[in-house]
Amino acid sequence: MKIPADVSVYVWIGLGLIGLFLLAQLMRHPKQILLRLFRTAVMGCLFVIAVDWIGQYFHYHLPFNPLTALTAGLLGIPGVLALIALQLWIFP
């Protein structure tokens, strides 16, 4: 399945704006942002590990990497649910 070109342009523009915002915040408050990012990554790791631990009873595995940990940490429970939905949608 190929993503239309106009959709991928909007995705890249959105990711660029998010990156620019994060860079501006990092320049403004470097210690606070890095500490918060580390704390949310740790919480995300715990969320992903909990999903793997519970998911082993249902033969489900959520990959553990920095992207999933940060997504789960920054977005919390809705982020974990979004990761599960995306994985089930992309890899049925």
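This is a short walk through one predicted model, from its confidence to its core and then a few single residues.

Confidence first. The chain has a mean pLDDT of 83. Of its residues, 93% reach 70 or more. Helix α4 has the highest confidence, at a mean of 87. Helix α3, residues 66–75, has the lowest, at 81.

Now the core. Which residues make up the largest nonpolar core? There are 7 in all: Val 48, Val 51, Tyr 60, Leu 62, Ala 72, Val 80 and Leu 83. Two elements give two or more residues to this core. They are α2, spanning 30–55, and α4, spanning 77–90.

Take one core member, Ala 72. Set aside neighbours within four places in sequence. Ala 72 then contacts Gly 44, Phe 47, Val 48, Val 80 and Leu 83. Of those partners, Val 48, Val 80 and Leu 83 also belong to the core.

Stay with Ala 72 for a moment, and bring in Thr 40. The two are 32 residues apart in sequence. In space, C-alpha to C-alpha, they are 8.0 Å apart. Thr 40 lies in helix α2. Is Thr 40 buried or exposed? It counts as buried, because its relative accessibility is 13% and the cut-off is under 20%. Beyond four places in sequence, Thr 40 touches Ala 69, Leu 70, Gly 73 and Leu 74.

Another α2 residue is Ile 33. Its C-alpha atom is separated from that of Thr 71 by 16 Å. Along the chain, those two are 38 residues apart. Not counting residues up to four places away, Ile 33 touches Gln 25 and Leu 26.

Next, a charged residue. Asp 52 is found in helix α2. Asp 52 is buried, yet it has no salt bridge. Where is the nearest side chain of opposite charge? That is Arg 39, 22 Å away. What does the Asp 52 side chain have within 2.9 Å, then? One of its polar atoms lies 2.9 Å from the backbone nitrogen of Leu 62. Leaving aside neighbours within four places, Asp 52 is in contact with His 61 and Leu 62. And Leu 62 is itself a core residue.

The next residue also touches His 61 and Leu 62. This one is Gln 87, in helix α4. Its relative accessibility is 19%. The cut-off for buried is under 20%, so Gln 87 counts as buried. Apart from residues up to four places away in sequence, its full contact list is Tyr 60, His 61, Leu 62, Pro 63 and Pro 92. Tyr 60, like Leu 62, is part of the core.

Last, the loop between α2 and α3. His 59 sits there. What is the phi of His 59? It is positive, about 55°, although His 59 is not a glycine. His 59 is exposed, because its relative accessible area is 78% and exposed means over 50%.

To recap. The largest nonpolar core draws two or more residues from each of α2 and α4. Asp 52 is buried without a salt bridge, but has the backbone nitrogen of Leu 62 at 2.9 Å from its side chain. His 59 is exposed and carries a positive phi.

Key
Residues are numbered from 1 along each chain as its sequence is written. This is a predicted model: local features need pLDDT of at least 70, side-chain atom pairs count only at pLDDT 80 or more; totals for chains, interfaces and linings use all residues. Side-chain values use heavy atoms; hydrogens and water are left out. A nonpolar core is a set of buried Ala, Val, Leu, Ile, Met, Phe, Trp, Tyr and Cys residues joined through side-chain atoms within 4.5 Å. Buried means under 20% relative accessible area, exposed over 50%, partly exposed in between (1.4 Å probe, protein chains only). Helices (H or I, at least four residues) and strands (E, at least two) are DSSP runs, numbered from the N terminus. Contact means heavy atoms within 4.5 Å. Lys and Arg count as positive and Asp and Glu as negative; His and the chain ends are not counted. A salt bridge is a side-chain nitrogen of Lys or Arg within 4 Å of a carboxyl oxygen of Asp or Glu. A polar contact is a pair of N or O atoms within 3.5 Å; within protein, one must be able to donate a hydrogen and the other to accept it, and residues adjacent in sequence count only if both atoms are side-chain atoms. pLDDT is the predictor's confidence in each residue, from 0 to 100.
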